[in-house]
Amino acid sequence: MARISQYMASKALLSAAVAVGLTVSPMAGPAAAQEYPSRVINMIVPFAAGGPTDIIARIVGDHMSKTLKQAVVIENVVGAGGTNGSTRAARADNDGYTIIMGHMGTHAASVALYPKLAYKPDVDFEPIGLAAGTPILIVAKKDFPAKDLKEFVAYVKANTEKMNAAHAGVGSVSFTTCLLLNSVMQVKPIAVPFNGTGPALNALLGSQVDYMCDQIVNLVPHIKSGTIKAYAIGTPERNPALPDVPTSKEAGLPDFQASAWNALFAPKGTPKPIVDKLSAALDQALDDEGVRKRLLDLGSDIPGKDRRGSQALGNLVKSEIAKWSPIIKASGAVN
Ligand code: MLT
């Protein structure tokens, strides 16, 4: 259904528009863009609190609140691998007061995993900017009977029918990257869904599930304390936050190359001056020493200036949809 801005319509025009079935969205005009923000900004996190996307959203959201002089409030909208929250964000008013911390799953992999996805990541959103890159680790419960990745693969292959692999729902990063891992190992374990890898990690800490693929920012303290095992990181280089964890290549599974990213988006039609203000506030957050230390200590990869901003994110979304769709199709996860 076509959207027109209140700014462009006189009262008479408004009722005429409604009469012919147009919806009138309270999109902000130039004046409103100048005053933006004049109230609290709602940042949707499409996964449970305490997980990697929530952690990154709260770190950058805090700093953006200071820059924008309005609170950025996190709303966790869970379910369907993050596509529930993303659908909510795509349909929200495009006035700058609802934004979303999406990621490689919600804004790329979901396209191939949900043929009837309710939104188009590269069409229904205004990209604001990349917040953090998040390398993927293969982790297992602390008493998993394998000392290294080779033994892990052998044990999973020999016991697949009783292996419980946790994930954050179809379309999530943990689901998509373990789809790749399980394809590489040629196994189909029991997939155990959660509303996020925050709760999935709790189940792993309690040995209720056996293993998962997850974003580094959720894992560093637990790997360092030995409460979970880490067998490999899916990047060409080791991560400075976890220097003892081998790369998948070093550990003997070079085909498992996996990294994710988290980024901010606004609903389609959010005025450019407002998107630019949000991009600038995110940029300032990523330049802030305190924010950088927290993100780097958790192993995330902070984008350089060339990878920041709306245009770079728009290009990333397109390239990631193109990258993950064939991997997902090859895995046989979608009929
Ligand atoms: C989360 O924050 O729980 C994750 O981003 C979920 C996922 O995509 O694996």
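## Exercises on a predicted model

Pro-37 belongs to the loop that runs between helix H2 (30–35) and strand S3 (41–45). Keep in mind as you work that this is a predicted model.

**Exercise 1. Find out what kind of peptide bond joins Tyr-36 and Pro-37.**

Step 1: Go to the loop between H2 and S3, where Pro-37 is found.
Step 2: Read omega for the bond from Tyr-36 to Pro-37, which is about -5 degrees.
Step 3: Assign the bond: Tyr-36 and Pro-37 are joined by a cis peptide bond.

**Exercise 2. Locate Lys-69 and give the sign of its phi.**

Step 1: Look in the loop between H3 and strand S4 (72–76), where Lys-69 lies.
Step 2: Read phi of Lys-69, near 55 degrees. That is a positive value in a residue other than glycine.

**Exercise 3. Describe the surroundings of the ligand and its polar contacts.**

Step 1: Collect the shell. Among the residues around the ligand are Phe-47, Gly-51, His-103, Ala-168, Ser-172 and Thr-197.
Step 2: Sort the shell by class: four residues are nonpolar, eight are polar and none is charged.
Step 3: Look for polar contacts, taking pairs of N or O atoms within 3.5 Å. With the backbone, a ligand oxygen is 2.7 Å from a polar atom of Val-173, and a ligand oxygen is 3.5 Å from a polar atom of Pro-52. From a side chain, Gln-215 places a polar atom 2.9 Å from an oxygen of the ligand.
Step 4: Check the burial. On its own the ligand exposes 270 Å², and the protein buries 100% of that.
Step 5: Identify the space. The ligand takes up the largest cavity. Helix H3 (52–68) and helix H7 (173–185) are the elements that each give two or more residues to the shell.

**Exercise 4. Search the whole structure for disulfides and say which parts are tied together.**

Step 1: Count them: the search finds one disulfide.
Step 2: Name the partners. Cys-178 and Cys-213 form the link, with their sulfur atoms 2.1 Å apart.
Step 3: Give the handedness. The angle about the S-S bond is 75 degrees, and the link of Cys-178 and Cys-213 is right-handed.
Step 4: Place both ends. Because Cys-178 lies in helix H7 and Cys-213 in strand S9 (residues 211–215), the pair ties together parts that are 35 residues apart in sequence.

Technical notes. Residues are numbered from 1 along each chain as its sequence is written. This is a predicted model: local features need pLDDT of at least 70, side-chain atom pairs count only at pLDDT 80 or more; totals for chains, interfaces and linings use all residues. Side-chain values use heavy atoms; hydrogens and water are left out. A residue is near a molecule or strand if one of its heavy atoms lies within 4 Å of it. A polar contact is a pair of N or O atoms within 3.5 Å; within protein, one must be able to donate a hydrogen and the other to accept it, and residues adjacent in sequence count only if both atoms are side-chain atoms. Accessible areas come from the Shrake-Rupley method with a 1.4 Å probe; for residues, only the protein chains shown count as cover. On a 1 Å grid over the protein atoms alone, a cavity is a set of points where a 1.4 Å probe fits but cannot get out, and a pocket is an open set with protein on both sides within 12 Å along at least five of seven lines; lining residues have an atom within 4 Å of a point. A molecule sits in a cavity or pocket if more than half of its atoms lie within 2 Å of its grid points. Helices (H or I, at least four residues) and strands (E, at least two) are DSSP runs, numbered from the N terminus. Ala, Val, Leu, Ile, Met, Phe, Trp, Tyr, Cys and Pro count as nonpolar, Asp, Glu, Lys and Arg as charged, and the others, Gly among them, as polar. A disulfide is a pair of cysteine sulfur atoms within 2.5 Å.
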